[in-house]
Amino acid sequence: MSMDLNPFCKSTRFAGKKLHLGLGGSVACYKMCDVLRALLRLDIQVSATLSPGAREFVSPLLFRSLGADPVYDEMFTDANVFAHLEPGAQAQAMLIAPASANLLSRLATGSAQDMLSAQFVAFAGPCAIAPAMNPRMWAHKATRENVKTLVEWGASLIPPALGDTACGEQGRGRLADSGEIFLGALRLLAPQDMAGINVLVTLGPTREMWDGVRYWSNPSSGRMGGAIATCCWLRGANVTAICGPGINVFLPEGIERISVNCANEMYNAAKDAWPKANMGFFSAAVADFAPIRPENADDVKIKKAATPGNLEIEFSRNPDILATLSADRGNGQKALGFAAEITPDMQSLLPLARLKLNAKKADVIAANRVNPASGAFGADDGSMAVVDAQGHEEIWQPQSKADIAWELCSWLLRI
Ligand code: CTP
């Protein structure tokens with residue numbers, strides 16, 4: 001499930017927020033059950049409205065049973081004559097997913113003829129819309145115009161995906177990936193205190209090839225960097241993520257993703273992106289050395305018969321991305337690096353982090369323990385020792401990588 005592959009499925013920063021979910025008539029309604037559950041797991045209070053079309057596909061009881069409260073359906077009932085005004089008064093954000101062509105048309109004309117379109121007109125907060133329909137309906141000028149109108153009014157569009165649609169056709173029309181919708185909803189609820197800030201994040205391992213099939217690397221999962229990239233994006237920043245190979249993190253499409261393999265490729269990509277960045281988060285576990293490769297190494301698999309005894313490989317030094325870019329900082333650029341150390345306790349991380357801060361000329365170093373028993377690589381939770389160039393230092397209790405990312409972004413914003 002793509003939502004679980006983003007560290008924000010464990011954030012505590014959204015607890016108590018209120019979101020209204022509107023469902024239109026589409027076979028994709030069933031996909032919203034998982035999104036709803038992921039939002040509820042973050043202790044977000046979710047109310048929901050099923051349009052008349054949505055009620056043909058799924059029942060209000062399903063969403064009530066999963067934990068949405070309240071769940072609205074009919075407009076004209078005696079029970080609560082002002083129900084169409086409630087989300088506008090109570091929820092901080094509205095997510096409309098799936099939005100059928102018919103629902104988009106009702107929203108874009110402010111028709112208010114059914115509960116959901118009336119609640120939409122009575123809602124002044126941030127809203128995101130995830131359409132789902134047949135590809136020809138999505139391509140039609142009428143739909144294009146409706147979407148254009150809604151975006152002009154301030155709605156965020158979570159565009160439909162390419163692929164097979166339920167009607168048996170292929171094209172753009174499938175409801176966006178659940179991870180996109182989940183994070184799109186969180187973005188509506190997040191403070192936009194990083195709006196206008198350009199952020200560069202390096203994440204994951206690097207892979208230093210020795211021959212065509214063998215490499216030198218490390219088990220970095222990319223989850224810390226994925227949490228930071230996502231956090232910055234949720235808070236409104238423009239994010240470029242330079243990702244090492246094989247990482248298992250879902251990133252929303254709004255993040256520009258550059259995939260690289262080895263340290264040199266990561267260095268070149270980071271060097272190109274750095275001049276326009278206001279902040280850099282260097283979380284990648286970059287291999288410090290790369291095997292010196294035989295000639296035409298990409299095209300061969302070196303045979304063991306060629307080395308009768310022990311194998312000796314010589315390594316050359318890779319560029320230090322953080323140190324080089326930190327030393328080349330322009331006006332107001334801030335750099336945050338990580339330190340992965342084996343220490344007896346958290347306290348002993350602080351002097352090592354400060355050494356690394358000075359050596360790399362970074363603004364902040366966040367250090368964690370990678371003792372073999374701690375499982376820091378790939379774990380969802382971790383402790384951190386954080387130091388900055390102004391002399392501040394803190395030790396943080398174990399918490400999710402999403403929460404660590406949130407605090408590190410706030411730290412960099414503050415200094
Ligand atoms: N880093 C980098 N480029 C490298 C090596 C490290 O950008 N070639 C960055 C990492 O992304 C991290 C920080 O430097 O933010 C610290 O990395 P770490 O591996 O802990 O430290 P090293 O400098 O490699 O030193 P050592 O392995 O000796 O601790």
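Pro 98 belongs to strand 4, residues 93-99. Here a strand is a DSSP run of E with at least two residues, a helix is a DSSP run of H or I with at least four, and both are numbered from the N terminus. The peptide bond that leads from Ala 97 into Pro 98 is cis, with omega near -5 degrees. A second cis bond joins Asp 69 to Pro 70, again with omega near -5 degrees. Pro 70 lies in the loop between helix 3 (60-66) and strand 3 (71-72).

Before I continue, a word on the source. What we are looking at is a predicted model, in which local features need pLDDT of at least 70 and side-chain atom pairs count only at pLDDT 80 or more, while totals for chains, interfaces and linings use all residues. Residues are numbered from 1 along each chain as its sequence is written, and side-chain values use heavy atoms, with hydrogens and water left out.

Let me turn to the protein as a whole. It contains 14 helices and 20 strands. Its C-alpha trace spans about 80 × 50 × 40 Å along the principal axes. Of its 415 residues, 52% count as buried. Buried means under 20% relative accessible area, exposed means over 50%, and partly exposed is in between, with a 1.4 Å probe and protein chains only.

Next comes the ligand. Where does the ligand sit? The ligand occupies the largest pocket. A pocket is found on a 1 Å grid over the protein atoms alone, as an open set of points with protein on both sides within 12 Å along at least five of seven lines. A molecule sits in a pocket if more than half of its atoms lie within 2 Å of the grid points of that pocket.

Around the ligand there are 14 residues, of which Phe 282, Ala 284, Phe 338, Lys 356 and Lys 360 come nearest. To be near a molecule, a residue needs one of its heavy atoms within 4 Å of it. The residues of this shell divide into 9 nonpolar, 1 polar and 4 charged. In this scheme Ala, Val, Leu, Ile, Met, Phe, Trp, Tyr, Cys and Pro count as nonpolar, Asp, Glu, Lys and Arg as charged, and the others, Gly among them, as polar.

Which elements each supply at least two residues of the shell? They are helix 12 (321-327), strand 17 (334-341) and helix 13 (349-360). Strand 17 gives the largest share, 4 residues.

I now come to the polar contacts of the ligand. A polar contact is a pair of N or O atoms within 3.5 Å; within protein, one must be able to donate a hydrogen and the other to accept it, and residues adjacent in sequence count only if both atoms are side-chain atoms. An oxygen atom of the ligand lies 2.5 Å from a polar side-chain atom of Lys 360. At Leu 322, a backbone N or O atom is 2.8 Å from an oxygen atom of the ligand. The side chain of Asp 320 has an N or O atom 3.5 Å from a nitrogen atom of the ligand. The ligand taken alone exposes 560 Å², and the protein buries 76% of that. Such areas come from the Shrake-Rupley method with a 1.4 Å probe; for residues, only the protein chains shown count as cover.

Beyond helix 13, the loop that runs to strand 18 (364-369) holds Asp 363. This residue is buried, with a relative accessible area of 16%. The side chain of Asp 363 reaches the backbone nitrogen of Ala 335 at 2.8 Å. Lys 361 is found in the loop between helix 13 and strand 18 as well. Although Lys 361 is not a glycine, it has a positive phi of about 55 degrees.

Asn 296, in the loop between strand 15 (289-291) and strand 16 (315-317), also has a positive phi, near 50 degrees, and is a residue other than glycine. Is Asn 296 buried or exposed? Asn 296 counts as exposed, at 55% relative accessibility. The loop between strand 15 and strand 16 also holds Thr 307, which counts as partly exposed at 26%.

I close with helix 9 (residues 178-189), where Leu 186 is found. Leu 186 is buried, with a relative accessible area of 0%. Ala 185 has its place in helix 9 too, and is buried with a relative accessible area of 0%. Ala 185 and Cys 127 are 58 residues apart along the chain, and their C-alpha atoms are separated by 8.5 Å.

Key:
On a 1 Å grid over the protein atoms alone, a cavity is a set of points where a 1.4 Å probe fits but cannot get out, and a pocket is an open set with protein on both sides within 12 Å along at least five of seven lines; lining residues have an atom within 4 Å of a point.
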